[in-house]
Amino acid sequence: MSSKNNPKNRQAFDTYRKYNGKTVKPVFYFGKYKGHGNYIAAMDEGGNMVMDQATKKPIPYQNI
């Protein structure tokens, strides 16, 4: 029986989520000093954070 922690058993990550037709990647958002908290947010291919227009905060990756 092989271990789940063995790097040889892990698969490469190959699918990202899409938002408005653009591929977005997960990034760590450090918004502690703005009062937003820290979480995994979405960043588009151009390197821009995907922002929520109503709250002016980056959209959490899990909400996409």
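In this predicted model, R17 faces V24, a residue of strand β2, across the pairing. The strands concerned are β1, which covers residues 17–19, and β2; they run antiparallel and are joined over 3 bridges. Together β1 and β2 make a hairpin with 2 residues between them. N20 sits in that turn and adopts a positive phi of about 55°.

Strand β2 also has a partner in β3, and here the antiparallel pairing extends over 8 bridges. One of the contacts to look for is that of F30, whose bridge partner in β3 is N38. The hairpin of β2 and β3 leaves 5 residues between the strands. Within this hairpin, G35 is the residue to inspect for backbone geometry, with a positive phi near 85°.

Aromatic contacts come next. A pair of aromatic rings is described by the distance of the centres and the angle of the planes. The structure contains 2 such pairs. In one of them, Y29 and Y39 meet with 5.3 Å from centre to centre and 55° between the planes, a tilted arrangement. This pair connects distant parts of the chain, since Y29 belongs to strand β2 and Y39 to strand β3, with the two residues 10 apart. Both Y29 and Y39 are buried. The rings of F30 and Y33 also pair, with 5.7 Å between their centres; their planes meet at 65°, so this pair is classed as edge-to-face, the cut-off being over 60 degrees.

The surroundings of F30 and Y33 can be described through their accessibility. F30 has a relative accessible area of 46% and is therefore partly exposed, while Y33, at 70%, is counted as exposed. F30 and Y33 also belong to a nonpolar surface patch, together with F28 and I40. The accessible area of these four residues together is about 510 Å². F28 lies in strand β2, which spans residues 22–31. Its relative accessibility is 55%, so F28 counts as exposed, the threshold being over 50%.

Beyond the strands, G47 is a helpful point of reference. G47 is located in the segment that follows β3, the strand of residues 37–44. With a relative accessible area of 40%, G47 is partly exposed. G47 can also be placed with respect to K4: the two are 43 residues apart in sequence, and their C-alpha atoms are 33 Å apart in space.

Key: Residues are numbered from 1 along each chain as its sequence is written. This is a predicted model: local features need pLDDT of at least 70, side-chain atom pairs count only at pLDDT 80 or more; totals for chains, interfaces and linings use all residues. Side-chain values use heavy atoms; hydrogens and water are left out. Patches are made of residues with over 30% relative accessible area and no salt bridge: like charges are joined within 9 Å, nonpolar side chains (Val, Leu, Ile, Met, Phe, Trp, Tyr) within 5 Å. Accessible areas come from the Shrake-Rupley method with a 1.4 Å probe; for residues, only the protein chains shown count as cover. A salt bridge is a side-chain nitrogen of Lys or Arg within 4 Å of a carboxyl oxygen of Asp or Glu. Helices (H or I, at least four residues) and strands (E, at least two) are DSSP runs, numbered from the N terminus. Buried means under 20% relative accessible area, exposed over 50%, partly exposed in between (1.4 Å probe, protein chains only). Rings of Phe, Tyr and Trp (its six-membered ring) pair if their centres lie within 6.5 Å; planes under 30 degrees apart count as stacked, over 60 as edge-to-face and the rest as tilted. Two strands pair if DSSP finds at least two bridges between them.
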